Amino acid sequence: MIKYSHTRYLDASPIGLWWQLGIKIWSPMIKILPKWIWEYRLLVMTPDWAYSTGQKVFEYLGTDTFLTVSPYDILMYTQDAEVIHRITQRREAFPKDIDKYSLLSMFGHNVLTTEAQTWRLHRKVTSASFNEKNAAHTFSEAIYQTRGMLDELFGAGGETKGTTKTITTLEHDTMTWALNVIGYVGFGLRLLWPNQKMPEDTDPKLVKYGSLDPPDGHSITFAKSVERTLDKIITILVFPDFLLKHLPFKFASYTYEAKANYLQYMDEFLRDKAKEAQAGESTKEGMDIMGQLVQSKYGLSPSEKAKQAGLDDAEIVGNAFIMIVAGHETTANTLHFAIAELAINPATQRRLQKDVDSLFGDSDPSTWDYEKNINAMTASHIGACINETLRLMPPVTLIPKVVSASSDQTITAQGKTHVLPSGLSCNLMAVSVQRNPRFWPTKSSEKTGAPTDLDDFLPDRWYQTQNTGTDDEKDEEGDGVDYGGFQGSDTSASFYRPVRGSYIPFSDGPRSCLGRRIAMVEMNAVLAVIFQKYSVELAVDEWASDGEVENMDAAARRELYKKAQAKAQKTLNEATSVLTLKLHGGKHVPVRIVKRGKERFVNDVELS
């Protein structure tokens, strides 16, 4: 329930940009004061506090919902599934807090950064591409790109040896994989791995976007411009272009080059698509997101333009940016975390491989059929591992909403009605509610001895039959309008169905993620391809050489792997958010991909 007696008073806004940018400066200064003054106040002002500390704050306050008050903001934080469900279903009463998304509107307003009628227009234009036909296309492309990634990771001679070298770039590799998938499926751009060549039948106008060398008029490739723009997104927000262009520092020139190249590529892409729309050329294979966006302005007849509004050029580029970010960064990070967790938990990995064997045997992945296989995949241990990764490490740890500016709103929780004032910021704590023992069946942890196992990676929890809620419940508070996009459940019908509001990795309600079906399809496909023929093991180079491992008995290998497991888990717990939750600052979980049957540890370790 909401306990106003547990309001916390802060002296600065925990969501203020300058506070977040300078927290490493402010925190040591504040900690000079007696601990009782700052301990919990400072904790909730730390970015990603809910991910790094779990249930600590909520347990201390004895409530699932609390308020913080500063001279600048009143913020509500909740991990109450009932409150979250009611808020997400009442879109007009609790709109998205778009002020918190200014970072993502730097290239133009878009479906993520707008509300009301403007949002409806953006949603209508962008949702048209998210359908089962394109999900099937995504399935095939994800398989193709996974084989390209594996070829790149094994390199020359790797397949013969049966193992890759130690991989310290898994986060970057999954990011490249996901960008290549959304690039082709979403935009028709064939982006290449370093070991690949451009297909001869590629549209000449699109070759420059996939080239491994910068085309004329550009100093870096399209893929590199996207990668660097996302890497320096905060710098782009803080520093105006004229400063980035003229400051005598490497970070400034690096950032300016990335942004300038990216915007130039997108402007050229827009112009090419506009010419196609004006010439009445048909939509290309796949989602053709840019084509759909451009069609809303350049493909309308004069009479149609008079009847309906369209997007302007900045909004087209803004939506394209969001689709690229949402279409690859979120999926890539979830895949990265899933692979790392499977390496940490070998028994779970073997269970996944057993299901892959049952579904596909040794068949060529290029022959796998979307319609025939996808439901079985999502209901297998492949789907369970993805669900569990999203539960523990959702792409965004909190979802910001706000009470409508037009009036106060009431909300009922645990049988009591509360009045929420107009303008109140409401943070729906996805990472917290997904570990809240009030809403998830749990027992004491066999791994850590903790009172609950909700901080553990346990895909088996999704096979429980105790269903406390379903995604098919009637939403009595919803407005009943179809806003496009996938309308089904985020989990398989055969799995445990969490109570509504307790599992929200893709948000919920009218503003839930447009691409959630596409993302689930991608991740199921890539895990199936990888683990059909390979295993993933944690690298142990820090403690032993290959020769030393070769001479170890099973007991010694288990002890060695325990060290790698402990360090890998600690590293994952240090993930932080900029746009999405991921590892930053060079942190990584080193792994090796090996042919099944050539594992050094997976068959000896029983710690999952």
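What follows is a conversation about how several labels on this predicted model are justified.

Visitor: What is the confidence across the chain?
Guide: The average pLDDT is 89, and 90% of the residues score at least 70. Over residues 1-11 the pLDDT is below 50, although this stretch has 43 contacts beyond near neighbours in sequence. Residues 470-474 also have a pLDDT below 50, with 10 such contacts in the model.

Visitor: Why should coordinates not be read in detail where pLDDT is low?
Guide: pLDDT is the predictor's confidence in each residue, so a low value marks coordinates that the predictor itself does not trust.

Visitor: Why is M266 called buried?
Guide: Its relative accessibility is 1%. Buried means under 20%, so M266 qualifies. M266 is found in helix α15, and its contacts, leaving aside neighbours within four places in sequence, are F222, M290, V317 and A320.

Visitor: How far is M266 from Q565?
Guide: Their C-alpha atoms are separated by 43 Å, and the two residues are 299 apart along the chain.

Visitor: How do you know whether T255 is buried or exposed?
Guide: T255 has a relative accessible area of 0%; the limit for buried is under 20%, so T255 is buried. T255 also lies in helix α15. Not counting residues up to four places away in sequence, T255 touches K232, T235, I236 and L244.

Visitor: Why is I32 called exposed?
Guide: The relative accessible area of I32 is 72%, and exposed means over 50%, so the label follows. I32 is found in the loop between α2 (23-30) and α3 (35-43).

Visitor: What makes the nonpolar surface patch that includes I32?
Guide: I25, W26, M29 and I32 make this patch, with an area of about 460 Å². A patch residue needs over 30% relative accessible area, and I32 at 72% passes, so its membership agrees with that limit.

Visitor: What makes helix α6 largely enclosed?
Guide: Helix α6 (residues 81-89) has 7 of its 9 residues buried, so the rest of the structure largely encloses it. The buried ones are A81, V83, I84, H85, I87, T88 and Q89. Their cover includes the strands β2 (65-69), β3 (74-78), β4 (399-402), β5 (409-413) and β7 (425-428), together with α22.

Visitor: How do you know that helix α16 is mostly covered?
Guide: In α16 (residues 289-298), 7 of the 10 residues are buried. These are I289, M290, G291, L293, V294, S296 and Y298. They pack against α7 (116-127), α10 (170-187), α15 (250-278) and α18 (313-344).

Visitor: Which residues have the most contacts inside the largest nonpolar core?
Guide: They are F187 and F222, in a core of 158 residues. Helix α18 supplies the largest share of this core, 16 residues. Apart from neighbours within four places in sequence, F187 is in contact with I182, F269, I289, M290, A320, M323 and I324.

Visitor: Why is the pair R351 and D460 called a salt bridge?
Guide: The closest N and O atoms are 3.1 Å apart, and the rule asks for a distance within 4 Å, so the pair counts. R351 sits in helix α19 (residues 346-360) and D460 in the loop between α22 (430-433) and α23 (516-533), so the pair links distant parts of the chain, 109 residues apart.

Visitor: Why are R351 and D460 each called partly exposed?
Guide: Partly exposed lies between 20% and 50%. R351 is at 32% relative accessibility, so the term applies. D460 is at 46%, so the term applies there too.

Visitor: What makes K443 and E446 a salt bridge?
Guide: Their N to O distance is 3.7 Å, and the limit is within 4 Å, so the pair counts. K443 is partly exposed, with a relative accessible area of 49%, whereas E446 is exposed at 72%.

Visitor: What about D453 and R461: are they buried or exposed?
Guide: Both D453 and R461 are buried. Their side chains meet in a salt bridge at 3.4 Å, N to O.

Visitor: Which residues are joined into one network by salt bridges that share partners?
Guide: R91, E92, E115, R120 and R511 are. By the same 4 Å rule, the count for the model comes to 39 salt bridges.

Key:
Residues numbered from 1 in each chain as written. Predicted model: local features only at pLDDT ≥ 70, side-chain atom pairs only at ≥ 80, totals over all residues. Heavy atoms only, no water. Buried < 20%, exposed > 50% of the residue type's maximum accessible area, 1.4 Å probe, protein only. Helix = DSSP H or I, 4+ residues; strand = E, 2+ residues; numbered from the N terminus. Contact = heavy atoms within 4.5 Å. pLDDT = per-residue confidence, 0-100. Patch = residues over 30% accessible without salt bridge, like charges linked within 9 Å, V, L, I, M, F, W, Y side chains within 5 Å. Areas by Shrake-Rupley, 256 points an atom, 1.4 Å probe, with all protein chains shown as cover. Core = buried A, V, L, I, M, F, W, Y, C linked by side-chain atoms within 4.5 Å.
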